[in-house]
Amino acid sequence: MCTMSVTLLIVDDESRIRKIFTRILEDKGYHVHSTENAERALAQIDRIKPAIILMDQNMPGINGIEAMKQIHAKYPDIAIIIITAHGEISLAVEAVKEGAYDYIEKPVDNDKLVLLINRALEHYKLTHELSSLKQRIADKNFLNRIVAESVKMKQVIEQVKSVSDISATVLLQGESGTGKDLIANAIHYYGNRQDKPLVSVNCGAIPITLIESELFGYTRGAFTDAKESKLGKFVLADKGTLFLDEIAELPLDAQVKLLRVLEERKIFPLGGKRAIPVDIRIIAATNNNLEEKVQNGEFRLDLLYRLNVFTIIIPSLRERKEDIPVLTEIFLNQYNEQFGLQVNNISKEAMDHIEGYSWPGNIRDLQNAIQSAMILAKKGSITLEHLPLRIRGYDQAMGPEMRIVEGLERNIKQVSTKAEKEIILEALKECRFNRTKTAEFLKISRKTLFNKMKQFNIDI
């Protein structure tokens, strides 16, 4: 959707503001309408069908937030940006809670305005394109998309159904790649908060110095670079669900503040002078043993008690091998469509190896392996030679007398260059491209690994 086809409505009682915004946004290619109050805006929406509305909060008659509620009751996909006076953070928080895409403070910086409008357009496009999908999710058929031929996965499905309509905190435990994020989505969309936000946070991906500001937000002037206020993830997830992935990676000082939120259901933005109440369900996930983390002093026991209200254990793929054929068929259909391939099936020999493999990376590992095999096969059937070396067995490339566990360095001269490179690549993938762990896995020195990577032009 190009900006030339996008209609934008400006609602502000100041003529000067409307003219400035109109000129700026028309220069960027938007089709702009403007009006001086909410009443006139409400009368125009049916006719002009705007994708984005930029609306002042303080206007005579109906204010911006009330007008937004009326608009969203009929057109929930419209992205609405509320304009607030400087320092009115409470109004901004209320606006976002009530469904505004975002807010912007006066005096408005023109560059920030354009950036915000462009982001709102992307939000509108995504919301609009996924409206049919959201409807299918809302009819509570979401769980049907989770593969559950195995007994253990059927038990997980029953647990999801039991807890979805209850706002209890849920802890998801399982190895990396088992689909904890998928289960978190199922809990949210199968439950009574399905029409509210689901906000995901990867606790291990946020720099330690930014965790508090990301989770709790901050007010303008809270620190040197805080030139404008920012809402945290807790406020953005209000009335919905906050999914805290990799919860074990949360630093101890942030754990203290999270515990306080769980106890009081209020957050304190950095630099803020008052608490902001939040109504959210917490879903936390980890691939770590939190009890061991507690014993090592890396995780708070009282926080574990708060999180461990309702625990769901997600089985590894090797514990649910009955699901592998169904998952494999799903991936075949997915990548045939995505890449324009014509792979129809998998040979019995290849399938035996797939079902017999331990899959340390679980579903994500299986998905990557099927994708790789399909790219090699292109059409027809996936055979054993198309599978990654780790699945069909390293002995096929090196001979029965050579095993990788006996040390690659000792045997390296006895294998072909192609097999040697493939072994190193597969080991790097197995160890998530951590070179120290890869060297340990191959039982070679880091120096030898670096030299081999350089020799084979392996760049990670």
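A residue is called buried when its relative accessible area is under 20%, exposed when that area is over 50%, and partly exposed in between. With these cut-offs in hand we can go through the structure, which is a predicted model, and ask where some of its residues lie and which partners they have.

Glu158, written E158, has a relative accessible area of 45% and is therefore partly exposed. Its side chain meets that of K161 in a salt bridge, with 3.8 Å from N to O. K161, at 36% relative accessibility, also counts as partly exposed. Both E158 and K161 belong to helix α7, which covers residues 151-163, and they stand three residues apart, about one turn of the helix.

This pair is one of the 19 salt bridges that the structure holds. Another is formed by K74 and D46, whose closest N and O atoms are 3.2 Å apart. Here K74 comes from helix α3 (residues 64-74) while D46 comes from helix α2 (residues 38-48), so this salt bridge ties together parts that are 28 residues apart in sequence. The two partners also fall into separate accessibility classes, for K74, at 53% relative accessibility, counts as exposed, whereas D46, with a relative accessible area of 37%, is partly exposed.

Which residue forms a salt bridge with D56? The partner is K106, and the closest N and O atoms of the two are 3.5 Å apart. This pair links distant parts of the chain, since K106 sits in the loop between β5 (102-105) and α5 (110-129), D56 sits in strand β3 (residues 52-56), and 50 residues separate them. D56 has a relative accessible area of 4%, and because this is under 20%, D56 is buried. Neither residue stands alone with its partner, as salt bridges that share partners join D12, E14, D56 and K106 into one network.

The last stop is T7, a residue of strand β1, which runs over residues 7-11. Is T7 buried or exposed? Its relative accessibility is 13%, so T7 counts as buried. When the neighbours within four places in sequence are left aside, T7 is in contact with H31 and H33, and also with I48, K49, P50, A51 and I52. Among these contacts, I48 belongs to helix α2 (residues 38-48), and I52 belongs to strand β3 (residues 52-56), two elements already met above through D46 and D56.

Note on methods. Residues are numbered from 1 along each chain as its sequence is written. This is a predicted model: local features need pLDDT of at least 70, side-chain atom pairs count only at pLDDT 80 or more; totals for chains, interfaces and linings use all residues. Side-chain values use heavy atoms; hydrogens and water are left out. Helices (H or I, at least four residues) and strands (E, at least two) are DSSP runs, numbered from the N terminus. Buried means under 20% relative accessible area, exposed over 50%, partly exposed in between (1.4 Å probe, protein chains only). Contact means heavy atoms within 4.5 Å. A salt bridge is a side-chain nitrogen of Lys or Arg within 4 Å of a carboxyl oxygen of Asp or Glu.
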